[in-house]
Amino acid sequence: MLSPSLAQEIAGDTSAVIGFNVLITDAEGMVIGSGDSSRVGTFHEASVEVIRTKEPATHSASQAQQLTGVRPGVTLPLVTNGQAVGTVGITGTPAQVRRFGLLVKRQTEILLRESVMLRSRLLAERAAEKLLADIAAYDPHVVEGEFLLFRGAELGFDLRLRRVAVAFEVTVPDAGARRQGAPTRDMPLVRSELLRTVREVFADPQDVVAGTAPGWIGVLHRLPADRPMASLAADCRRVTDVIAAQDGLAARAGIGEPAATVGGLHDSYQDACEALRLGARLAGTSPVHPIADLRVHQVLAAVSQPARNRLLELTSADLRAQPDWPVLRDTITAWCENGFNLVAASAALHIHRNTVVYRMNKIEQITGRPLREHRTTMALYLACLTDQLGSGTIPAEG
């Protein structure tokens with residue numbers, strides 16, 4: 001429980017502060033830390049009785065000579081959870097060092113408890129990381145879902161509860177995107193800080209929060225039946241806003257779909273990661289990307305590159321040749337995503353409806369097809385989404 005490295009650090013630092021040598025033993029009386037490094041690894045006989053009785057003991061010069069490895073001073077038990085796990089000794093005449101004894105004992109026990117808590121937290125974090133990694137890589141032909149349910153239960157997580165997977169990506173923007181004078185951030189060094197930020201928002205005891213890769217944090221969030229997905233999106237936005245407020249960092253989030261099985265959680269997490277990748281390729285300022293808003297994009301991204309290029313070439317080549325193609329593309333997208341409603345489309349584009357009418361007339365003239373013909377318009381819409389995904393480059397002929 002008391003590691004030699006921690007014991008040596010405590011003994012060395014404390015010896016330097018009080019001016020007397022401090023040594024620390026384990027539960028068998030072996031010295032595992034000392035301001036006098038030559039004593040490390042030796043047997044300290046006085047500690048055996050102190051550990052047994054959990055009572056401090058002092059030894060004069062004559063008494064110390066009768067015991068193996070003991071010098072004049074005071075020896076006190078280190079007790080945690082009611083159990084003596086070692087001792088701390090201070091070398092010097094008892095009258096000189098007695099006043100330091102209780103202080104050094106208490107400080108050492110505090111550091112020991114903090115070390116145990118840190119180790120426990122790190123072990124829990126690693127276990128959560130392993131659980132999330134296994135769910136992300138879940139294959140029912142390789143691992144039974146019941147095994148992961150059991151693993152989750154061991155960690156206190158009921159994977160049968162309704163959950164939604166969320167994936168956060170935190171990056172260090174290039175120098176041009178950072179505020180002037182903002183320091184650069186090393187992602188491995190801020191990992192604990194980022195995990196703490198996410199856990200402050202996703203604080204339900206059933207929320208699984210773990211780092212999955214440098215700059216990536218995954219969450220399996222318990223979603224009560226009465227909680228809307230919009231509320232989850234708002235929580236994700238809170239996390240990205242807090243991270244973005246830290247100089248030199250940027251964050252985005254992808255959100256999967258609700259699930260209550262191991263297989264469903266696997267799909268939800270994969271969808272959340274896919275939403276992040278797709279969202280990064282689309283124009284817009286929102287850092288939160290629900291997969292429910294990107295299902296069409298997801299299907300298009302799964303189509304072969306030649307098929308996407310052919311779709312672009314055959315449906316929108318003349319439009320893409322126009323200098324205002326991005327404006328025309330956004331108009332087609334808004335028209336389709338707002339139910340082919342002129343008022344709703346103009347509101348989404350933040351322009352006057354007459355401007356939308358002008359643009360639609362121009363599109364119809366160039367394509368030779370009416371935008372109120374849904375089949376034609378949907379083909380154009382898919383071409384626009386393909387172009388937005390940035391995968392629509394047509395190879396030059398010849």
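## The antiparallel sheet

In this predicted model, five strands come together as an open sheet whose order is S2-S1-S5-S4-S3, and the pairing within this sheet is antiparallel. Strand S2 (31-34) and strand S3 (57-59) stand at the edges, and each has a single partner strand, so one side of each is left without a neighbour in the sheet. Averaged over the sheet and ignoring direction, neighbouring strands are turned by 25° against each other.

One pairing can be followed in detail: strand S1 (residues 22-25) is joined to strand S5 (residues 83-91) in the antiparallel sense over four bridges. Within these two strands, Val22 stands opposite Ile90 in S5.

## The mixed sheet

Another open sheet, also of five strands, has the order S7-S8-S6-S9-S10, and here the pairing is mixed. Its edges are formed by strand S7 (208-213) and strand S10 (288-290), each of which pairs on one side only. In this sheet the average turn between neighbouring strands, direction ignored, is 20°.

The parallel sense appears where strand S9 (residues 250-255) is joined to S10 by three bridges, and Ile255 stands opposite Pro290 in S10.

## Helices against the sheets

Which strands does helix H4 lie across in the antiparallel sheet? Helix H4 (residues 94-136) lies across S1, S3, strand S4 (73-80) and S5, and it runs at about 20° to S4. H4 also packs on the mixed sheet, where it touches S7 and strand S8 (216-222) and where its direction makes about 75° with that of S7.

Helix H6 (residues 191-201) lies across strand S6 (163-171), S7 and S8, and its direction runs at about 145° to S7.

## The cavity

Rolling a probe the size of a water molecule over the atoms shows where empty space is left. In this structure there is one cavity of 30 Å³ or more, and the volume of the largest cavity is about 70 Å³.

Thirteen residues line the largest cavity, and those closest to its centre are His44, Arg71, Val74, Thr75 and Ile90. Ile90, the residue that Val22 stands opposite in S5, is therefore part of this lining as well. Strands S4 and S5 each supply at least two residues of the lining, which by class consists of five nonpolar, six polar and two charged residues.

## Confidence in the model

The pLDDT averages 88 over the protein, and 93% of the residues score at least 70. Over residues 391-398, however, the pLDDT is below 50, and this stretch has 17 contacts in the model beyond near neighbours in sequence.

Methods:
Residues numbered from 1 in each chain as written. Predicted model: local features only at pLDDT ≥ 70, side-chain atom pairs only at ≥ 80, totals over all residues. Heavy atoms only, no water. pLDDT = per-residue confidence, 0-100. Contact = heavy atoms within 4.5 Å. Pairing = 2+ DSSP bridges. Axes fitted to C-alpha atoms, helices over the stretch in contact; angles between N-to-C directions. 1 Å grid on protein atoms, 1.4 Å probe; cavity = no way out; pocket = protein on both sides within 12 Å on 5 of 7 lines; lining within 4 Å. Points joined across faces, edges and corners; volume = space filled by probe spheres on them. Nonpolar A, V, L, I, M, F, W, Y, C, P; charged D, E, K, R; others polar.
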